[in-house]
Amino acid sequence: MASKSKNVSASKKTLKKQIYEYRWIYALGIPGVIVLFMFSYMPLRGLLMAFQDYNPHLGILESPWVGLKHFKTLFQDAKFYNMLKNTLIISGLNLLTFPAPIILALIMNEVRNAKFKKLIQTSVYLPHFLSWAIVASLTFFLLSTEQGLVNKIAELMGHDTTAYLFSSKWIYLIIVIQSLWKSVGWGSIVYLAAISGIDQSLYEAAKMDGANRFQCMLKITLPSIMPTVAVMLILRMGSIISVDFEQVFLMNNAMVKSQLEVFEVYIYNNSIAAGSTQYSYTTAIGLFKSVINTGLVVFTNWITSRKGYEGVM
């Protein structure tokens, strides 16, 4: 017991010494901590609205408590399971494209011509900076029945036109392709940064043993960036019950409304669009999504930890 108390006191002294030694560095972090507390933690009190019949005139603390009433309303809503299904389908299909930025980064890393490499990087990064309104307009330009480039080419080849934008069979694929085109280049930046940090002596040793570039990529590059891949996968799982509202909203129409009815659109239709004041109900929906996403992050982090990677926790 005496040795334990000595160790504890020694660690406290060491901690105090470290804090004093790096006091100015800690002081530089104080503004960031204050901003984080004010804009990330203070707003969390708004989650209490999910358990209240919130009244703006009464405020959060004085609004009447209703327990799980709004969650029961959500689960009993006839649209709930359709919204959940649509969200999982869109997010699941987007999750299947997770390897795309990794593959793109591996390919760009093998390009040796500097000018050509810069051209490719600029081309694949550019869509990230386009708004969803522009992406939706480009999609209409390509796929619309009357003016779409794809249907014009089909007519020239003697085929019938297809109403891609109004087809429940095609809409999910269109959504996924839009997301992939817009995000794949930007997502590859993280992996390119990870690749740049790999020890070059590993490649030199592999080449001396007779390995070609493809073997170096499989045996050195890919295993070396796996910790980064694990972290990005964990973060990706944190949005599995969320889709991009602007994208889905702009691609929505009467013919595919059932397929694109997701939680984000439902919240918009039941609050802003309807001029409603269902603050508590929409907060409950957001809290439900957050709990599921957090659970998936913890579960994925646990799996990656079991596989030998550090994860994010």
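**View 1. Thr122 on helix α6, an exposed residue.** Thr122 has a relative accessible area of 53%, and because exposed means over 50%, Thr122 counts as exposed. Keep in mind as you look around that this is a predicted model. Thr122 is found in helix α6. For a sense of distance, find Leu260, which is 138 residues from Thr122 along the chain. The C-alpha atoms of Thr122 and Leu260 are separated by 32 Å.

**View 2. Ala50, a buried residue in a loop.** Here we turn to a loop, the one between α2 (23–41) and α3, where Ala50 has its place. Is Ala50 buried or exposed? Its relative accessible area is 0%, so Ala50 is buried, a term that here means under 20%. Which residues does Ala50 touch, leaving aside its neighbours within four places in sequence? The contacts are Gly67, His70, Phe71, Ser280, Thr283, Ala284 and Leu287. Phe263 can serve as a landmark: Ala50 and Phe263 are 213 residues apart along the chain, and their C-alpha atoms are separated by 16 Å.

**View 3. Helix α3 and its buried face.** Two contacts of Ala50, His70 and Phe71, appear again in this view. Helix α3 spans residues 69–76, and His70, Phe71 and Leu74 are buried in it. Seen down the axis of α3, these buried residues fall within an arc of 100°, so they line one face of the helix. What do the buried residues of α3 pack against? Their partners are α4 and α15 (279–306). Now look at the other side of α3, where Lys72 and Gln76 are exposed.

**View 4. Lys289 and Glu264, two buried residues in contact.** Lys289 lies in helix α15, while Glu264 lies in helix α14, which covers residues 263–269. Are these two residues buried or exposed? Lys289 has a relative accessibility of 10% and counts as buried. Glu264 is buried as well, with a relative accessible area of 11%. Not counting residues up to four places away in sequence, Lys289 touches Ile241, Ser242, Phe263 and Glu264. With that same sequence limit, Glu264 touches Ile241, Ser242, Val243, Phe245 and Lys289. Ile241 and Ser242 therefore appear in both lists, where a contact means heavy atoms within 4.5 Å. Two distances help you find your way: the C-alpha atoms of Glu264 and Asn252, 12 residues apart along the chain, are separated by 12 Å. The C-alpha atoms of Lys289 and Met42, 247 residues apart along the chain, are separated by 20 Å.

**View 5. The nonpolar cores.** How many residues does the largest nonpolar core have? It has 21, and those with the most contacts inside it are Ile102 and Ile225. The elements that give two or more residues to this core are α5 (99–110), α6 (114–125), α9, α10 (200–208) and α11 (213–224). Zoom in on Ile102: leaving out residues up to four places away in sequence, Ile102 touches Tyr191, Leu222, Ile225 and Val229. A second, separate core has 16 residues, including Ala136, Tyr164, Ile171 and Val243.

**View 6. The largest pocket.** How much space lies in the largest pocket? The volume is about 700 Å³. There are 24 residues lining this pocket, and the closest to its centre are Asn94, Ser179, Ser183, Arg236 and Ser239. Helices α4 (80–96), α9 (171–196) and α12 (226–237) each supply at least two residues of the lining. Which helix gives the most to the lining of the largest pocket? That is α9, with nine residues. By class, the lining has 11 nonpolar, 10 polar and three charged residues.

**View 7. The second largest pocket.** About 310 Å³ of space lies in the second largest pocket. Its lining is made of Val135, Leu138, Thr139, Leu142, Leu143, Tyr164, Trp170, Leu173, Ile174, Ile177, Gln178 and Trp181. Helices α7 (132–143) and α9 each supply at least two of the lining residues. How many of the lining residues are nonpolar? There are 10 nonpolar residues, along with two polar and no charged ones. Tyr164 may look familiar here, as one of the residues of the second core.

Terms used:
Residues are numbered from 1 along each chain as its sequence is written. This is a predicted model: local features need pLDDT of at least 70, side-chain atom pairs count only at pLDDT 80 or more; totals for chains, interfaces and linings use all residues. Side-chain values use heavy atoms; hydrogens and water are left out. On a 1 Å grid over the protein atoms alone, a cavity is a set of points where a 1.4 Å probe fits but cannot get out, and a pocket is an open set with protein on both sides within 12 Å along at least five of seven lines; lining residues have an atom within 4 Å of a point. Grid points are joined across faces, edges and corners, and a volume is the space filled by probe spheres set on the points. Helices (H or I, at least four residues) and strands (E, at least two) are DSSP runs, numbered from the N terminus. Ala, Val, Leu, Ile, Met, Phe, Trp, Tyr, Cys and Pro count as nonpolar, Asp, Glu, Lys and Arg as charged, and the others, Gly among them, as polar. Buried means under 20% relative accessible area, exposed over 50%, partly exposed in between (1.4 Å probe, protein chains only). The arc is that of the directions from the helix axis to the C-beta atoms. A nonpolar core is a set of buried Ala, Val, Leu, Ile, Met, Phe, Trp, Tyr and Cys residues joined through side-chain atoms within 4.5 Å.
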